[in-house]
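The following exercises are meant to be worked with the sequence and the coordinates side by side. Each task is followed by a solution that proceeds step by step.

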Amino acid sequence: MMGPGLSYDDTPPFSAPIRFFLTAPLFGVAAGLTLIFGGEILVSRWTPGALAITHLFAAGFMLQVMLGALLQVMPVVAGASMPAPLRIAGITHLAMALGAAGLAFGLGAGAPGVLLGGAVLLVGGLFVFLSAAALGLSRGARTGNNTRTPRDLRMAFAGLVVTAVLGFSLVLVLTRGVALPVPLPTVVNLHAGWGWMGWAAVLLAAASWVVVPMFQITAAYPQRFTTLWAPAVTATLVLWTLAEYLAIDAARFIAILALGLLGAGYAGTTLYLQAHSRRSKPDTPFLAFREAMYSALAGVLVLAISLWSDADCWPILAGVLILHGGFGGTITAMLYKIVPFLAWLHLTQAGLKAPNMKKLLPDTPIRRQLRVRTTSLATLCVAVFVPVLAPLAGVVLAVEFGWLFANLLRVVRARRDAAKNAGPRPGSHASA
Amino acid sequence: MNTISELMTHDHRDCDGIFARAEELASDGDWADAAEALKKFADALNAHFDAEESTLFPAFEQATGMTQGPTMVMRHEHQNMRDTLAALQYALDKQDADDFAGEAETLLIMMQQHNMKEESVIYPMLDSRLPGDEQERLSASVGKHLGEARAA
């Protein structure tokens, strides 16, 4: 009998996660194009263009990368492997890529049929993926683990399900005229809150508990912090949802503030650990991760301002700083570690001599792309206050994600060339 | 008394620290000190592998009845890391900073994903499946072996 999750057979084929990683940046390019041709869409979070961009980013870029990464890390981190990874990846990737595109197009162009179709594909794909992941995790649960990561992964799944249910009910309101028991903007806020914190932040934190100490060689996150953080986020989200439903303003206010503080607590702790890394010369993705944490902190601050001020610019600025700056930055940094390593791993497992990671993807193109990323974040922030600059921000955004795509494609090509040209790895006894 | 998990996880972090030192010296172009740090790292890594391959993995195989499973994969990954360590040594001998950085990056990720598996699956299973006195005996003998390697 094989041990759960450790066998090479449990490593999904290269093409299973990589298809998610390669299509993800294309959603970023689409967001850039929407900004270029969509006019002044950054003037309010309620413009069709802003809704489209948000969903291209969250349901397109972020969701695609996170699902691809989950396929890959579940065996390593949670001792759990997805059943039939290639088939699950094939079905869910297609459904969710088309679904995210349809959802964004439907929101941006005001096309109810496309919106509904996109939402059905997205939710359907998600259902298949999460069922398979839940099955894998339930098998992996027997192994025991000294981090909070497997538990927090489950919580992130739950947060994603709530986000999807809220989102789907909003689509039904918009396309089928279904009535909700609470005002529409409230449901939109809950949908965004569960998505940002319940799903994305909990998932990012679950990954960070393991990834930051190990790959950036820092001390571990304080145990009490990792024990309490994700349950505190989820509990606060539940309280906030109740406060909104019962229309208790004070509780609502406190819950949102508490969520902001929890987010800031995660970013602040991560920055503290990174500042004491034993790797004294941080590499470029590490710096990008730090930049993302600062951006998230700034985003929380702006979100707090938006509680007191009704100006339209604050929620948009918070969205830019948290989604593009925070989540976009950490995801980009992680992609630059994951993708070359996967290429290396699959070559090595095939018994071939693999080029080292910096030959598969050198530092220079990474550094250049990340410089564009910083420019893109800055331009987006300025464009929130100077709407006429939105098309310029769109150009930089499209270049940023196009370049990310090109860098990842470069790794895929390097792997293919290495597989063609490389001899067997010296001393290899792999048979895979 | 430390559990096997605590002892071995602590040793992983120790190895990480020595590795980071070698990496830093090489990136500064201080090849003489980098060579010394890399030797220290290689000794620590090999002592860790030896302790697992000669003591802990056989105990795991006996306790769980899994002889062709996780431990086989772990031994295979040890071999991959030994190969990458040799490539790292070769880059150091040539004083090729780019190659050294690339091989170091590869080894670091290889090492960390391997550590994750050991710390999530192998060590906790040893802690839970072995009888208390057996754990104590193994812990003491492995701790002594690792300590001697550091002192050497």
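Two residues are taken to be in contact if their C-beta atoms, placed from the backbone, lie within 7 Å. The model is a predicted one, and the predictor gives the complex an ipTM of 0.80 and a pTM of 0.90.

**Exercise 1. A residue in helix α2 of chain A**

Task: Establish where A:Leu56 is found, whether A:Leu56 counts as buried or exposed, and which residues A:Leu56 touches beyond those up to four places away in sequence.

Solution. Step one is the location: A:Leu56 is found in helix α2 of chain A, which covers residues 48-77. Step two is the environment, for which the cut-off is 20 or more other C-beta atoms within 10 Å; A:Leu56 has 28 such neighbours and therefore counts as buried. Step three is the list of contacts: leaving aside residues up to four places away in sequence, A:Leu56 touches A:Phe27, A:Ala30, A:Ala31, A:Thr34, A:Phe61 and A:Ala104. Step four adds a C-alpha distance, since A:Leu56 and A:Ala101, although 45 residues apart along the chain, have C-alpha atoms separated by 6.9 Å.

**Exercise 2. The nonpolar core**

Task: Identify which residues touch the most other members of the largest nonpolar core, and which helix gives the most to this core.

Solution. The largest nonpolar core holds 187 residues, of which A:Met62, A:Ala100 and A:Val202 touch the most other members. The helix that gives the most to this core is α10 of chain A (residues 313-349), with 21 residues. Taking A:Met62 as the example, its contacts, not counting residues up to four places away in sequence, are A:Phe57, A:Ala200, A:Phe327 and A:Ile331.

A further residue can be treated in the same manner. A:Ala207 is found in helix α6 of chain A, and with 21 other C-beta atoms within 10 Å A:Ala207 is buried. The C-alpha atoms of A:Ala207 and A:Met334 are separated by 10.0 Å, while the two residues are 127 apart along the chain.

**Exercise 3. Positive phi values**

Task: Describe the loops in which A:Ile217 and A:Ala247 are placed, and decide for A:Ile217 and for A:Ala247 whether the residue is buried or exposed.

Solution. The background is that most residues other than glycine have a negative phi. A:Ile217 has a positive phi, near 45°, and its place is the loop between α6 (184-215) and α7 (223-245) of chain A. Counting neighbours gives 20 other C-beta atoms within 10 Å, so A:Ile217 is buried. A:Ala247 also has a positive phi, near 55°, and is found in the loop between α7 and α8 (249-275) of chain A. Here the count is 11 C-beta neighbours inside 10 Å, so A:Ala247 counts as exposed. A glycine can be set beside these two residues: A:Gly39, which follows α1 of chain A, has a positive phi near 80°.

**Exercise 4. The length of a helix**

Task: Determine what span helix α1 of chain A should have at 1.5 Å a residue, and what distance separates its end C-alpha atoms.

Solution. Helix α1 of chain A comprises the 23 residues 15-37, and at 1.5 Å a residue the helix should span 33 Å. Its end C-alpha atoms are 34 Å apart, which agrees with that expectation.

**Exercise 5. The fold of each chain**

Task: State how many helices and strands are found in chain A and in chain B, and compare each radius of gyration with the globule rule, for chain A and for chain B.

Solution. Chain A has 13 helices and 0 strands. Its radius of gyration is 21 Å, close to the 22 Å that the globule rule gives for 432 residues, so chain A is as compact as a globular protein of that length. Buried residues make up 55% of chain A, and among its contacts between residues at least 6 apart in sequence, 78% join residues at least 24 apart.

Chain B comes to 5 helices and 0 strands. Its radius of gyration of 16 Å is close to the 15 Å given by the globule rule for 152 residues, so chain B is as compact as a globular protein of that length. Of the residues of chain B, 42% count as buried.

**Exercise 6. The annotated span and the confidence of chain B**

Task: Find which residues of chain B UniProt assigns to a domain, and where in chain B the confidence is lowest and highest.

Solution. An unreviewed UniProt entry places the feature "domain: Hemerythrin-like" at residues 3-126 of chain B. In the model this span is 91% helix and 0% strand, and its end C-alpha atoms lie 9 Å apart. The mean pLDDT of chain B is 91; confidence is lowest in helix α5 (residues 132-151), at a mean of 88, and highest in helix α2 (residues 31-64), at 95.

How values were computed:
Residues are numbered from 1 along each chain as its sequence is written. Chains are lettered from A and ligands numbered from 1 in the order in which they are written. This is a predicted model: local features need pLDDT of at least 70, side-chain atom pairs count only at pLDDT 80 or more; totals for chains, interfaces and linings use all residues. pLDDT is the predictor's confidence in each residue, from 0 to 100. Helices (H or I, at least four residues) and strands (E, at least two) are DSSP runs, numbered from the N terminus. The radius of gyration is taken over C-alpha atoms; the globule rule is 2.2 Å times the number of residues to the power 0.38. A residue is buried if 20 or more other C-beta atoms lie within 10 Å of its own, exposed if 12 or fewer, and partly exposed in between; C-beta atoms are placed from the backbone. A nonpolar core is a set of buried Ala, Val, Leu, Ile, Met, Phe, Trp, Tyr and Cys residues joined through C-beta atoms within 7 Å. The expected span of a helix is 1.5 Å times one less than its number of residues. UniProt positions are given in the numbering used here, feature names are shortened, and annotations may be inferred rather than shown by experiment.
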